[in-house]
Amino acid sequence: MPHRALCPGSFDPVTNGHLDVIERTSALFEQVFVTIFFNTVKVPLFAPEERMDLLRQATAHLPNVVVDGATGLLAQYAQAHEIGVVVRGLRAVSDFEYEFAMAEMNKQVYGELETLFMMARPPHSYLSSTLVREVAQWGGDVRGFVPDCVARALQQRFGGEPR
Ligand code: ADP
């Protein structure tokens, strides 16, 4: 039986939506790897080390969560770390097609890997790192959307008075 799960993502930066999925996953598995994959072609706002540091702070209350960073194929990473289950958060229908393709591709690479989907809770259904970055960039208050450490990091990045 798989006892290790993987919550992969870009986490640029981690939001309360991510955190909700990570917390719920940590209640279901003995150990959860929250791994930032640095493959993306998008130019990130936060550097790899900053993103990992923010994730570590945001998950410090979860003793069975390990924060890691990686490049390369998710399925190979899972195999190397003896992880049997990938947990992905699903928000609106728009997430579905991409997730479906990725789950199938991961299974082609590593046949024993299962992908489970966790429905986003309504308060987080429309929350994304992209929107948070945009709101913060224009001076909006993001405190309801991200952990405190992230709100502070965004404020430092984009300036403005401490709230
Ligand atoms: P990626 O670039 O791999 O989509 P993200 O960091 O954007 O990485 O997301 C990582 C995971 O968290 C994905 O499974 C994504 O669907 C999920 N996720 C993102 N935002 C939310 C949210 N508001 N509620 C629930 N799950 C979310």
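**Group meeting talk: strands, helices and salt bridges**

Strands S4 and S5, the latter covering residues 114-119, pair in the parallel sense over six bridges. One of the partnerships is between Val 86 and Thr 115, with Thr 115 sitting in S5. Between these two strands, the chain crosses through helix H4, residues 96-109. That β-α-β crossover is right-handed.

A word of caution before I go on. This is a predicted model.

Let's stay with S4 for a moment. It spans residues 85-90. Is this strand mostly covered or mostly open? Mostly covered: five of its six residues are buried. S4 also has a partner in strand S1, residues 4-9. S1 and S4 run parallel, and two bridges join them. Look at Ala 5: its bridge partner in S4 is Val 85.

Now move to S1 and S2. How many bridges join S1 to S2? Six, and the strands run parallel. Arg 4 has Gln 31 as its bridge partner in S2. The chain gets from S1 to S2 through H1, and this β-α-β crossover is right-handed.

S2 itself runs from residue 31 to 37. It is mostly covered, with six of its seven residues buried. From S2 we go on to S3. Again the strands run parallel, and six bridges join them. Val 32 pairs with Val 65, its bridge partner in S3.

So much for the strands. Next, helix H1.

H1 covers residues 16-26. It is mostly covered: eight of its 11 residues are buried. Among them are Leu 19, Val 21 and Ile 22. Asp 20 and Thr 25 are on that list too. What do the buried residues of H1 pack against? They pack against S1, S2, S3, S4 and S5, and also against helix H2, residues 48-58.

Take one residue from this helix, Asn 16. Is Asn 16 buried or exposed? It is buried, because its relative accessible area is 19%, and buried means under 20%. Set aside the neighbours within four places in sequence, and look at what Asn 16 is in contact with. The list is His 124, Leu 127, Gly 144, Phe 145, Val 146 and Pro 147.

Now jump to helix H6, residues 148-158, where we find Cys 149. Cys 149 counts as buried, at 9% relative accessibility. Which residues does Cys 149 touch, not counting those up to four places away in sequence? Leu 54, Gln 57 and Ala 58. Asp 53 is worth a look as well. Cys 149 and Asp 53 are 96 residues apart along the chain, yet their C-alpha atoms are separated by 9.6 Å.

On to charges. Side chains of opposite charge can pair when their charged atoms come close. A search of the whole structure finds nine salt bridges. I'll show you three.

The first is between Asp 12 and Arg 133. The closest N and O atoms are 3.6 Å apart. Where do the two residues sit? Asp 12 is in the loop between S1 and H1, while Arg 133 is in helix H5, residues 129-137. They are 121 residues apart, and the pair links distant parts of the chain. Asp 12 is buried, with a relative accessible area of 7%. Arg 133 counts as partly exposed, at 21%.

Next, Arg 91 and Asp 95. Their side chains meet in a salt bridge, 3.0 Å from N to O. Arg 91 is partly exposed, at 38% relative accessible area. Asp 95, at 15%, counts as buried.

Then Arg 143 and Asp 141. In this salt bridge the closest N and O atoms are 2.8 Å apart. Both residues are partly exposed: Arg 143 has a relative accessible area of 46%, and Asp 141 has 38%. One more thing on charges, and it takes us back to Asp 12. Asp 12, Arg 51 and Arg 133 are joined into one network by salt bridges that share partners.

Last stop, the surface. Which residues form a nonpolar patch here? Leu 73, Met 105 and Val 109, with about 280 Å² of accessible area together. Leu 73 lies in the loop between strand S3, residues 65-70, and helix H3, residues 74-80. With a relative accessible area of 45%, Leu 73 is partly exposed.

Note on methods:
Residues numbered from 1 in each chain as written. Predicted model: local features only at pLDDT ≥ 70, side-chain atom pairs only at ≥ 80, totals over all residues. Heavy atoms only, no water. Patch = residues over 30% accessible without salt bridge, like charges linked within 9 Å, V, L, I, M, F, W, Y side chains within 5 Å. Areas by Shrake-Rupley, 256 points an atom, 1.4 Å probe, with all protein chains shown as cover. Salt bridge = Lys/Arg side-chain N within 4 Å of Asp/Glu carboxyl O. Helix = DSSP H or I, 4+ residues; strand = E, 2+ residues; numbered from the N terminus. Buried < 20%, exposed > 50% of the residue type's maximum accessible area, 1.4 Å probe, protein only. Contact = heavy atoms within 4.5 Å. Pairing = 2+ DSSP bridges. Right-handed = clockwise from strand over helix to strand, strands pointing away.
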